[in-house]
Amino acid sequence: MAANERQSIHGQWSSRWAFVLAATGSAVGLGNIWKFPYITGENGGGAFVLVYLVCIAVVGIPIMIAEVMIGRRGRQSPINTMRLLAREEGRHPAWQYLGWAGVLAGFLILSYYSVIAGWALAYVFRAGSGMFTGASADEIGGLFEELVSSPERLLAWHTIFMVMTMIVVSRGVRSGLESAVRLLMPSLFVLLVVLVGYAMNTGAFLDGIRFLFEPDFSKLSGESVLIAMGHAFFTLSLGMGAIMIYGSYMPQYASIAKTSFMIAGADTVVALLAGMAIFPIVFANGLEPGAGPGLIFQTLPLAFGHMPAGALFGLLFFVLLTFAAWSSAISLIEPAVTWLVENRGFSRVSACMWSGLATWLLGLGTIFSFNVWSDWTLFGKTFFDLLDFLTANIMLPLGGLFIAIFAGWILSRKASQEELAMARVWYDVWRFLVRYITPVAVVVVFLNAIGVIG
Ligand code: PHE
């Protein structure tokens, strides 16, 4: 059978749009609304945002095209796809380890992602109960502390979120997901615009905008550049096989480049809107932009506590944030689940149970790192910080680097040209980027961060 006639045994998206929605669902998540603002705050604002945007364009989009392409060409779990395509090109089967590294990264990320998604879930009820109405910044901060200092509560929410995730994955990511994302993504977008509207009236809107968009390069360290690049991978779900497995369900006629641009565009707009909503609130209330992972939970409730119908908006916002996290979480575990089904003869349901259980267990480490283990640090980082740093700033960029090398150097020109089916000039631009620019950029950022150059 010709490579472009292969079908995935796990199914196919119903249309090109279904792929765009699902991949946007994977990309838009806590990374955009929770992580982007807080790491921007910690890394000094504008210059960091600029580096992040450059990384999306130069590194993120070419790798997204490469990853979708590899996935659709192989139409199997990332591990088997890498092995199959390497074999077809007469290359070493060791390329399958790229798939393994991705499975590991997805597992590590989901273990803490679920804990943070649990915070969002907890805030649905907090916002809905009117707890924030009229509350001061101090009170809002205290409420956040109260949540994260309680291992029992974090455990309860983490468990609920993991169960929700595994239920969707066990049914197959295609059923239910498409329609959920179709409705919820636009709603999330509208609510973010409402929040930006609120931020315009805080009196500190321009301070927020300046913080986000006025680059001050003296605030940018080698490590900040690495974090910005790592975030470009994280926010686009790249470098670990999530986008690859979603690509493997993509219909053959759909354009990979066009859809990749749409996904990256939507993802970037959501992150920038979140930043524009949050930083004015930070400055208007004399809060600390570098407050860390609690940033959105210490700022947005202030907005909900003071705007008309704030309890309703707050409730809606955290519901939508939970959904956004949910549609990302399922893509983190899908590569592992498909491998268990393909190679170990698991049913989808038992594959979900076992991988979910393992992820849930590891999540305990993150839960404790916010309370009982908060004093335990390595290189000044807690267990959660370490996991986050290792996955987002090392594993994903390395995975992406090898995906670019595979797409640019290992896969034949004929194969990638056939799969991408785009105009010759654009194809040449893409190929030049993944062969030279993208790998060099990733390596330079790494070397710069460890102080070898720069
Ligand atoms: N892109 C998701 C987010 O921004 C997180 C994610 C990373 C999902 C890697 C899948 C793979 O929240």
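Q: Buried means under 20% relative accessible area, exposed over 50%, and partly exposed in between. Which class does glutamate 146 count in?
A: The model is predicted. Glutamate 146 has 38% relative accessibility. That value lies between the cut-offs of 20% and 50%. So glutamate 146 counts as partly exposed.

Q: Which residue forms a salt bridge with glutamate 146?
A: Glutamate 146 lies in helix α6 (residues 137-148) and its partner in helix α5 (residues 96-128), so the pair ties together parts that are 20 residues apart in sequence. The closest N and O atoms are 3.7 Å apart, and the cut-off for a salt bridge is 4 Å. The partner is buried, with a relative accessible area of 5%. It is arginine 126.

Q: How many salt bridges does a search of the whole structure find?
A: One of them joins the side chains of glutamate 88 and arginine 6. Another is formed by glutamate 419 and arginine 73. The search of the whole structure gives a total of 12.

Q: How many residues apart in sequence are the parts that glutamate 88 and arginine 6 tie together?
A: The two side chains meet in a salt bridge of 2.8 Å, N to O. Glutamate 88 lies in helix α4 (residues 78-88), and arginine 6 in the segment before α1 (16-27). The sequence separation is 82 residues.

Q: Is arginine 6 buried or exposed?
A: Its salt-bridge partner, glutamate 88, counts as partly exposed at 42% relative accessibility. Arginine 6 has 10%. The cut-off is 20%, so arginine 6 counts as buried.

Q: Which helices does the salt bridge of glutamate 419 and arginine 73 tie together?
A: The closest N and O atoms of glutamate 419 and arginine 73 are 2.8 Å apart. Glutamate 419 is buried, with a relative accessible area of 2%. Arginine 73 counts as buried at 6%. The pair ties together parts that are 346 residues apart in sequence, helices α17 (residues 413-420) and α3 (residues 46-74).

Q: Which residues are linked in a network of salt bridges?
A: Glutamate 419 and arginine 73 form one salt bridge. Both belong to a network. The linked residues are Arg72, Arg73, Glu418 and Glu419.

Q: How many residues surround the ligand?
A: The closest are Ala27, Gly31, Tyr113, Phe234 and Ser237. A backbone N or O atom of alanine 27 lies 3.0 Å from a ligand oxygen. For a polar backbone atom of glycine 31, the distance to an oxygen of the ligand is 2.8 Å. The number of residues that surround the ligand is 15.

Q: How far is a polar side-chain atom of tyrosine 113 from an oxygen atom of the ligand?
A: Tyrosine 113 is among the closest residues to the ligand. The cut-off for a polar contact is 3.5 Å. The side-chain atom of tyrosine 113 lies within that limit, at 2.5 Å.

Q: What percentage of the ligand's accessible area does the protein cover?
A: Take tyrosine 113, whose polar side-chain atom lies 2.5 Å from a ligand oxygen. On its own, the ligand has 330 Å² of accessible area. The share that the protein covers is 100%.

Q: Why is the pair of tryptophan 34 and phenylalanine 384 called tilted?
A: The structure holds 31 aromatic pairs. In this one the ring centres are 6.3 Å apart and the planes lie at 50°. Planes under 30 degrees apart count as stacked and over 60 as edge-to-face. The pair is therefore tilted, on account of its plane angle of 50°.

Q: How far apart in sequence are the parts that tryptophan 34 and phenylalanine 384 tie together?
A: Tryptophan 34 is buried, with a relative accessible area of 1%. Phenylalanine 384 counts as buried at 1%. They lie in helices α2 (residues 30-42) and α16 (residues 383-410). The separation is 350 residues.

Q: Which residue forms an aromatic pair with phenylalanine 304?
A: The pair is edge-to-face, 6.0 Å centre to centre with 70° between the planes. Phenylalanine 304 lies in helix α13 (residues 295-306) and its partner in helix α14 (residues 310-344). The partner is phenylalanine 318.

Q: Is isoleucine 450 buried or exposed?
A: Isoleucine 450 lies in the segment after α18 (424-449). It is part of a nonpolar surface patch with Val440, Val443, Val444, Leu447, Val452 and Ile453. Its relative accessible area is 65%. With the cut-off at 50%, isoleucine 450 is exposed.

Note on methods. Residues numbered from 1 in each chain as written. Predicted model: local features only at pLDDT ≥ 70, side-chain atom pairs only at ≥ 80, totals over all residues. Heavy atoms only, no water. Patch = residues over 30% accessible without salt bridge, like charges linked within 9 Å, V, L, I, M, F, W, Y side chains within 5 Å. Areas by Shrake-Rupley, 256 points an atom, 1.4 Å probe, with all protein chains shown as cover. Helix = DSSP H or I, 4+ residues; strand = E, 2+ residues; numbered from the N terminus. Buried < 20%, exposed > 50% of the residue type's maximum accessible area, 1.4 Å probe, protein only. Near = heavy atom within 4 Å. Polar contact = N/O pair within 3.5 Å; in protein donor to acceptor, adjacent residues only side chain to side chain. Phe/Tyr/Trp six-rings, centres within 6.5 Å; stacked < 30°, edge-to-face > 60°.
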